There are 2 protein chains.
Amino acid sequence: MDKNLQVLQGSGETLDELLHGRLKIFQKASGYRFSIDALLLAHFCQLRQGERVLDLGTGSAIIPLLLVRRWEDVKLFGIDIQEEFVDMAQRSIAHNGLSDRIEICQGDVRDIKAHFEDRSFDAVVLNPPYRRLDSGRINRNNQKALARHELQGTLADFLSAAAYVLKRGSRCYVIYPASRAVELLFRMRKHRLEPKRLRLVHSRADSEGQFVLTEGIKEGGEELAVLPPLFIYEAKGGYTSEMEGLFRDLSASSGNACG
Amino acid sequence: MDKNLQVLQGSGETLDELLHGRLKIFQKASGYRFSIDALLLAHFCQLRQGERVLDLGTGSAIIPLLLVRRWEDVKLFGIDIQEEFVDMAQRSIAHNGLSDRIEICQGDVRDIKAHFEDRSFDAVVLNPPYRRLDSGRINRNNQKALARHELQGTLADFLSAAAYVLKRGSRCYVIYPASRAVELLFRMRKHRLEPKRLRLVHSRADSEGQFVLTEGIKEGGEELAVLPPLFIYEAKGGYTSEMEGLFRDLSASSGNACG
């Protein structure tokens with residue numbers, strides 16, 4: 001077996017299955033592991049054939065891996081500051097036979113000009129790293145995660161990079177903690193990434209908002225569509241039918257992605 | 001009968017009943033009439049005993065009339081630029097025997113310093129006038145309503161007035177079209193009225209957001225609570241049980257308000 005398709009010895013990695021085994025991904029056993037926010041964001045994106053899409057702070061490349069399965073002929077790029085993540089992401093991409101559709105590079109979003117041309121992308125995807133502090137899974141690693149947050153740049157750094165690489169009229173998709181929605185919307189407007197579509201995600205119908213999903217348009221005019229809220233769980237437990245549909249959508253192959 | 005308690009001859013006014021006849025209010029038969037946004041905003045406000053509260057652009061004084069019924073010992077003030085509204089509001093207040101609890105004055109929010117001291121209020125209530133353009137009831141009067149909008153000032157003028165009259169740490173309650181939520185949140189932060197509590201109102205569970213309700217704290221820090229969404233109608237028609245509860249709450253007398 002190709003060594004690319006194996007867990008690195010002594011690396012603390014796991015090889016995890018997603019979407020009923022149709023997608024496999026290397027992750028750290030401890031430290032950041034993707035969670036539901038990545039799935040929500042991947043599902044919220046609306047891509048078009050032939051587009052070039054950049055995932056800023058791509059981590060394990062979970063979002064590019066999900067997007068290329070769902071959308072035909074899109075080309076995904078990812079950038080992450082941490083070498084070990086970039087290496088792991090590249091092995092996951094190879095493992096899924098998607099090396100021709102996803103390119104990951106190591107780099108700092110604050111130095112985006114060193115990596116990409118201005119106005120060279122049709123869409124940017126953004127799950128800023130400090131979102132991850134809210135994940136229960138990383139409670140033991142908060143210090144590490146905090147350090148990573150400082151290391152990777154602020155929300156303003158990420159939005160600034162997005163504004164740089166996007167063409168006029170192209171889109172930026174972001175997920176962020178609902179408790180920081182004002183900060184997100186304020187800074188998106190400041191960076192001329194006008195929020196045009198917004199959706200709140202609540203754990204249950206009677207609970208406070210957990211995430212805000214938003215689509216901004218570079219240099220767009222003011223006019224926000226607030227979508228119906230998304231509830232993750234039914235009151236009596238179990239996923240809502242909409243979440244079940246979301247998992248089904250993400251599992252469905254676009255036809256030309258590798259199964 | 002006291003002439004204050006009658007509809008002005010030739011004025012085009014109607015005397016309308018609200019809350020099962022427990023509140024009566026003079027309104028113009030054509031032109032702006034209160035609608036559900038005023039009820040939503042009045043219900044969203046959280047007042048405390050002894051507080052001084054200002055309604056900017058009070059119109060028919062529907063919000064002060066609702067608030068003094070619900071909250072004990074609060075003193076309500078209202079300001080509106082249009083003399084005929086101020087006159088009508090004062091007659092409604094007299095009709096309900098609430099003249100000792102509500103004071104309305106004629107004035108321009110852009111000239112707030114001429115009317116009120118800085119940092120002299122515990123809460124401000126704000127249903128900016130151009131919200132009203134969305135009301136189906138005024139379709140025939142859009143030109144008039146537009147003129148009034150220009151006449152009464154912009155959202156920034158209203159927020160600036162709110163920031164002036166509020167004490168540090170005191171609250172500003174606003175309802176606004178959901179389609180303009182970014183504008184509202186952006187400007188609230190700019191005016192140092194940090195949004196701390198937010199609720200989206202949808203006509204039905206599967207429809208786009210119609211209104212955004214928000215509570216800002218003057219000079220508050222960043223931390224937003226996104227409340228569960230409020231749905232007005234059931235899928236099969238009729239008000240939701242939460243809306244029925246809202247009407248009940250507004251109808252309930254606080255004990256010392258006039259019945």
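User: Which residues of α1(B) are buried?
Analyst: The model is predicted: local features need pLDDT of at least 70, side-chain atom pairs count only at pLDDT 80 or more, and totals for chains, interfaces and linings use all residues, while side-chain values use heavy atoms, with hydrogens and water left out. Residues are numbered from 1 along each chain as its sequence is written, chains are lettered from A and ligands numbered from 1 in the order in which they are written. Buried means under 20% relative accessible area, exposed over 50%, partly exposed in between (1.4 Å probe, protein chains only). α1(B) is mostly covered, with nine of its nine residues buried: Ile36(B), Asp37(B), Ala38(B), Leu39(B), Leu40(B), Leu41(B), Ala42(B), His43(B) and Phe44(B).

User: How many residues of helix α1 of chain A are buried?
Analyst: Helices (H or I, at least four residues) and strands (E, at least two) are DSSP runs, numbered from the N terminus. The buried set in α1(A) is Ile36(A), Asp37(A), Ala38(A), Leu39(A), Leu40(A), Leu41(A), Ala42(A) and Phe44(A). Helix α1 of chain A (residues 36–44) is largely enclosed by the rest of the structure, because its buried residues number eight of the nine.

User: At what angle do α1 and α7 of chain B pack?
Analyst: Axes are lines fitted to C-alpha atoms, for helices over the stretch in contact, and angles run from 0 to 180 degrees between N-to-C directions. Under 35 degrees counts as roughly parallel, over 145 as roughly antiparallel, 65 to 115 as roughly perpendicular and the rest as oblique. α1(B) and α7(B) are therefore roughly perpendicular. Their axes lie 10 Å apart, and the angle is about 75°.

User: Which residues of α7(B) make the contact with α1(B)?
Analyst: Contact means heavy atoms within 4.5 Å. By class, this contact has eight nonpolar, one polar and one charged residues (Ala, Val, Leu, Ile, Met, Phe, Trp, Tyr, Cys and Pro count as nonpolar, Asp, Glu, Lys and Arg as charged, the others, Gly among them, as polar). α1(B) brings Ile36(B), Leu39(B), Leu40(B), Ala42(B) and His43(B). From α7(B) come Met243(B), Leu246(B), Phe247(B), Asp249(B) and Leu250(B).

User: Which residues does Thr240(B) touch, beyond four places in sequence?
Analyst: Thr240(B) sits in the loop between β11 (230–231) and α7 of chain B. At 8% relative accessibility, Thr240(B) counts as buried. It touches Phe231(B), Ile232(B), Tyr233(B) and Glu234(B).

User: How many residues does helix α5 of chain A give to the largest nonpolar core?
Analyst: A nonpolar core is a set of buried Ala, Val, Leu, Ile, Met, Phe, Trp, Tyr and Cys residues joined through side-chain atoms within 4.5 Å. The largest has 67 residues, and Leu54(A), Leu56(A), Ile112(A), Leu54(B) and Leu56(B) have the most contacts inside it. Helix α5 (residues 155–165) of chain A gives the most to this core: eight residues.

User: What relates chain A to chain B?
Analyst: Two copies of a chain are related by a rotation about an axis and a shift along it. Copies are superposed by least squares on the C-alpha atoms of residues with pLDDT of at least 70 in both. Here a turn of 180° and a shift of 0.0 Å along the axis lay chain A on chain B with an RMSD of 0.0 Å. That is the relation of a two-fold axis.

User: Which residue of chain A has the C-alpha nearest the axis?
Analyst: The copies meet through the same surface, because 100% of the interface residues of chain A are also interface residues in chain B. At 2.6 Å from the axis, the nearest C-alpha in chain A is that of Phe186(A).
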